[in-house]
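Let's take a walk through this fold and see what holds it together. Have the structure open as you read.

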Amino acid sequence: INLERENIGTDAFNSFLLSQALTYGYKDDHWWSAVSDPRARLWVSSILLRKGNDAIAERVVGHLVGDMEILAFSDKLPEDISESLLEIGAKTYNMVLRRQILDGIRELTQPGKRWSDKALSLSISQIEHLGELALEDSDAGDAAAALIGHLRAIPAVQVVLNHHDDRRIAALLLIQRVAESLPANVQGNIRFRVSLEWILQRLIQQPVSLIGAYMTAFLGAALGVGMQVYQTYNLPDFLDIARFTTSLEQGLIVGAVFGLGVFLIRVVAERFRTADILLRVVFGTIFGGLGMNIALLVFHVLFLNTPPRGLLITGGCMIIALAFVTGSLTHSYLFKVLLSSVSILAAITGTWWIHVNNAGSPMELAPLFRYDYAWSLTRVSFTALLVALPIGILGNMVNLAVVDE
């Protein structure tokens, strides 16, 4: 037959050879491409999947998920193929094949538009069985949970809810990750546990990047504060050893807390990208601004011996925090650096200008940093720029975003 195929050369002949190639695993790549019509390839796949054979199903799924023409279909897979695949995946003892099939169904079918008791043309018992598969603590169980979220199938979620061990929360978390929500029948206490687990996972993922982000933010803040102290230290000798040691000491102490504020902003904004943007902006600004405010409070009280009065420091810290969180919503490192550096520069010079022009005494309307009253605004701005650049550059250096597996 193979010798005569060029003389025959019909689509029906190619489809026949494709079915034999997929059945016996012989040159199936060649015959898959030889069938030019993607719907004919689906027709052959549908017939073969009815046999319920694991080896054949594995070959068919591999070709389906790698077929760009089929993936481009607006209606994706015919429902009979999805049903056959799910039936094979549920019955097979090959966990690798089960995961491949469940992942394949998710990739090859349209997602459910809303939570419903129906999914594709599956029966209630089939949907419920999918929930039972999701309770397995394995890669195949994870794939089943992801498929439930993809289909937004309420009966499968109910099966998971009726389970009472730790796997229930893990499965619901995977379902929520894919569906971006949970159905209304999920109780409030379980929603809270799922949300808490999601937050904890986000906080501990990629610990190396977390450590690196804090260390670079700390280093940038220490350099910035140290530069501020060095430039304003009241000693005639610019290269005096006391100036160096004092700048280093104060920079490290204040930078540790200020850098924590920058770090908290970026964790909130970048680790929780699926959360509402407004919530990330609000919480990031509050947490980060609070950390920066504490750092400057320590600086004024511990090193300047001038307890700050007024709201200029708090307002300036909130402006800086808002700029950091806004920059963290984007993927451009240069934009993050520019926005955060400009905000620090504006906050320092702006609070100093307000203090000089509106304060009735040196203690009122305390600015972020103090300067000699004889300094011009240009000199103050230049010093503020030396503070802003290391914080902006190093504070945004490490990417904290995570990608769901």
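Which side chain meets E136 in a salt bridge? R98 does, with an N to O distance of 3.0 Å. Here a salt bridge is a side-chain nitrogen of Lys or Arg within 4 Å of a carboxyl oxygen of Asp or Glu.

A word on ground rules. This is a predicted model, where local features need pLDDT of at least 70 and side-chain atom pairs count only at pLDDT 80 or more, while totals for chains, interfaces and linings use all residues. Residues are numbered from 1 along each chain as its sequence is written, and side-chain values use heavy atoms, with hydrogens and water left out.

**Charged pairs**

Back to that pair: E136 sits in the loop between α9 (124–134) and α10, and R98 in helix α8 (residues 95–108), so the bridge links distant parts of the chain, 38 residues apart. Helices here are DSSP runs (H or I, at least four residues), numbered from the N terminus. E136 is partly exposed at 27% relative accessibility, while R98 is buried at 5%. For these words, buried means under 20% relative accessible area, exposed over 50%, and partly exposed in between (1.4 Å probe, protein chains only).

A search of the whole structure turns up 11 salt bridges. Three of them are set out here.

| Pair | N to O distance | Where the residues sit |
|---|---|---|
| E136 and R98 | 3.0 Å | E136 in the loop between α9 and α10, R98 in α8 |
| D67 and R41 | 2.8 Å | D67 in the loop between α5 and α6, R41 in α4 |
| E270 and R266 | 3.0 Å | E270 and R266 in α15 |

The D67 and R41 pair ties together parts that are 26 residues apart in sequence, because D67 lies in the loop between α5 and α6 (68–71) and R41 in helix α4 (residues 38–49). D67 is buried, with a relative accessible area of 6%, and R41 is buried too, at 3%.

E270 and R266 are another story: they are 4 residues apart in helix α15, about one helical turn. An α-helix has 3.6 residues a turn, so residues three or four places apart point the same way. E270 and R266 are both buried. Elsewhere, salt bridges that share partners join R99, D103, R106 and D139 into one network.

**The cores**

Now for the greasy interior. A nonpolar core is a set of buried Ala, Val, Leu, Ile, Met, Phe, Trp, Tyr and Cys residues joined through side-chain atoms within 4.5 Å. The largest one has 70 residues, and those with the most contacts inside it are L64, L130, V157, L172 and I175. Helix α12 (residues 166–179) gives the largest share of this core, 7 residues. Apart from it lies another core of 35 residues, F258, V325, F369 and W375 among them.

What does L130 touch, leaving aside its neighbours within four places in sequence? Its contacts (heavy atoms within 4.5 Å) are L86, L102, A144, L147, I148 and L151.

Helix α11 (154–161) is largely enclosed by the rest of the structure, because 6 of its 8 residues are buried. The buried ones are P155, A156, V157, V159, V160 and L161, and they pack against α9, α10, α12 and α13 (188–204).

H63 is worth a click as well. It lies in helix α5 (residues 54–65) and is buried, with a relative accessible area of 11%. Not counting residues up to four places away in sequence, H63 touches L22, D28, D29 and W32.

**Two odd backbones**

R152 has a phi near 55°, a positive value in a residue other than glycine. R152 is found in the loop between α10 (139–151) and α11, and is buried at 15%. L365 also has a positive phi, about 45°, without being a glycine. L365 sits in the loop between α18 (333–358) and α19 (377–395) and is partly exposed at 27%.

**A greasy surface**

Which residues make the nonpolar surface patch of about 690 Å²? They are L260, L264, L278, L279, V282, F283, I286 and F287. Such a patch is made of residues with over 30% relative accessible area and no salt bridge, with nonpolar side chains (Val, Leu, Ile, Met, Phe, Trp, Tyr) joined within 5 Å; areas come from the Shrake-Rupley method with a 1.4 Å probe. Helices α15 (241–271) and α16 (277–303) each supply at least two residues, and α16 gives the most, with 6. F287 is in α16 and counts as partly exposed, at 39% relative accessibility.

Conventions. Patch = residues over 30% accessible without salt bridge, like charges linked within 9 Å, V, L, I, M, F, W, Y side chains within 5 Å.
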